[in-house]
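Q: Please walk me through one part of this model up close. I'd like to know where it sits, what surrounds it and how it fits into the rest of the chain.

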Amino acid sequence: MTTMFSLKRQTPGEVAFGILNGLLMLIICFLTLYPIWYVLVNAFNDGADAMRGGIYWIPREFSLENFRAVFRSEGIMTAMGVTVAKTLVGVPVHVLFTAMVAYAVSRRELIGRNLYMIIGTITMFFGGGLIPYYLLIRDLGLLDNFLVYIIPAAFSFFDLIIFLSFFREIPAGLEEAARIDGANDLTIFTRVIIPVSMPVVATIALFHGVYQWNDYFTGMIYINNTDLQPIQTFLYRVVAQSSSNQMLGAMPSGVTQTVTSQSLKLATMVVTTAPIVCVYPFLQKYFVKGFMVGSLKG
C-alpha cells in the first residue's frame, strides 16, 4: 500500500544551509539579548565590586543596594507618576482624535479630501525644525505644562493612514443601515465604526503607549520643572551624570560606599525600562497586526 505523503530527503546542501541558518539566528539572538543581560547582572552586583570588572554572566557579589539607592533618590517616584499619568491620558486622547480625523477623511463626500491627504503626507517627510517648534510650544503656553505631553501628540498622520486602511474594509452596509435608523455621523462613529474597529484601535493604542512611555525628549526640551519630568528624562539625566559625587550627594550616607555612579545608572535603566519590556512580548502580535492592516484584500 502506498502512502499519501512521503518525506522529502534533504540534500547535503540543504542540511548545511539549515545548520548555518540556525547558527546565524543564535548569534543574532545572543547579540540582541546579551547587552540586556549584562545590564541586569551588573545592576544586581555590588557597585564597588563591579568597578574591578570581570562580571559577564552572573553577579559576583549579589546586592540590592543599587536599587535601594534608586528608590531613595529624590524625584524618581514623582517622575514615574508623571510617566504613568501621561501614558494613561495621552493614549485615549491620541486614539480618539486620530480616529475621528481618519473617519472624516475616509468619507468620499468630504470636500478637499485629496488636498488634506497631500498636506498630511508632506508633513511626514518635512518639518519646520526644533527652533520654530519650540517657539510654537512657547506661544501656546505649553512650556512647563503637563499638556505638552498630550496636545502635540494628539494626532499622527502615520496612525491616520493605518486607521484609513482599516476603515476602508468596513462594509458600507453597516453605515447605510445606521443612517436608515436615523443615526447621525457622531452616532455612527461611536456606536458602529469604533466597536468594529477594536483591533486597529488596540494597535494604535499600543503604538502610542510605547511612545509615551519611552519619550524623554519632550521632558528634556520643554520642561524645566523637575516635578513634571517623566521617568525617561530622569533616566537620561542619571546616565548623563559624569560625577559620582554629584549623583550620590543626594543619597543616604549608608549607601555611598557600595553604590557607584555606574551601578546606579544601570539600576535606574532596569527600573525605568522593566515595565515596558515585560509588557511588550505579550502585545507584540498587535504591532505586527497593525502593520498588516489593509495589506490583504479578499
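A: What follows is a close look at helix 7, working outward from it to the rest of the chain.

Some ground rules come before the details. This is a predicted model, so local features are given only at pLDDT of at least 70 and side-chain atom pairs only at pLDDT 80 or more, while totals for chains, interfaces and linings take in all residues. Residues are numbered from 1 along each chain as its sequence is written, and side-chain values rest on heavy atoms, with hydrogens and water left out.

For the backdrop, the protein chain has 14 helices and zero strands, with helices (H or I) being DSSP runs of at least four residues and strands (E) runs of at least two, numbered from the N terminus. Read from the N terminus, then, it's α after α to the end. Of the 298 residues in the protein chain, 36% are buried; that label means under 20% relative accessible area, with exposed over 50% and partly exposed in between (1.4 Å probe, protein chains only).

Now to helix 7 itself, which covers residues 157–167. Nine of its 11 residues are buried, so the rest of the structure largely encloses this helix. Near the start of the run, Phe157, Asp159 and Leu160 are on the buried list. Further along you'll find Ile162, Phe163, Leu164, Ser165, Phe166 and Phe167 on it too. Phe158 isn't on that list: this helix 7 residue is partly exposed, at 40% relative accessible area.

What does Ala102 touch, once its neighbours within four places in sequence are left aside? The answer is Leu160, Phe163, Leu164 and Phe167, where contact means heavy atoms within 4.5 Å. Each of those four partners is among the buried residues of helix 7. Their numbering has a familiar rhythm, too: an α-helix has 3.6 residues a turn, so residues three or four places apart point the same way. On the other side of these contacts, Ala102 belongs to helix 4, and at 0% relative accessible area it is buried as well. There's also a backbone distance to go with this: the C-alpha atoms of Ala102 and Ser165 are 9.5 Å apart, though 63 residues separate the two along the chain.

Helix 5 comes into the picture through Gly120. Phe158 and Gly120 are 38 residues apart in sequence, yet their C-alpha atoms are 8.9 Å apart in space. Gly120 sits in helix 5, residues 113–125, and counts as buried at 8% relative accessibility, whereas Phe158 is partly exposed.

Zoom out for a moment and you can put those sequence gaps in context. Among contacts in the protein chain between residues at least 6 apart in sequence, 71% join residues at least 24 apart.

The far end of helix 7 brings us to the second largest pocket. A pocket here is an open set of points on a 1 Å grid over the protein atoms alone, where a 1.4 Å probe fits and protein lies on both sides within 12 Å along at least five of seven lines; lining residues have an atom within 4 Å of a point. Fourteen residues line the second largest pocket, and those nearest its centre are Ser106, Arg107, Phe167, Arg168 and Ile170. The elements giving two or more residues to that lining are helix 4 (76–106) and helix 8 (172–180). Helix 8 gives the most, with four residues. So what's Phe167 doing? It is buried in helix 7, in contact with Ala102, and among the residues nearest the centre of this pocket.

Finally, go back along the chain to the loop between helix 6 and helix 7, where Asp144 sits. Asp144 has a positive phi of about 55° although it is not a glycine, and it counts as partly exposed at 35% relative accessibility. On the other side of that loop, helix 6 (130–139) is one of the elements that give two or more residues to the lining of the largest pocket. Two helix 6 residues, Arg138 and Asp139, meet through their side chains in a salt bridge (3.4 Å, N to O). A search of the whole structure finds one such bridge. Asp139 is exposed at 57%, while Arg138 is partly exposed at 44%.

Definitions and conventions. A salt bridge is a side-chain nitrogen of Lys or Arg within 4 Å of a carboxyl oxygen of Asp or Glu.
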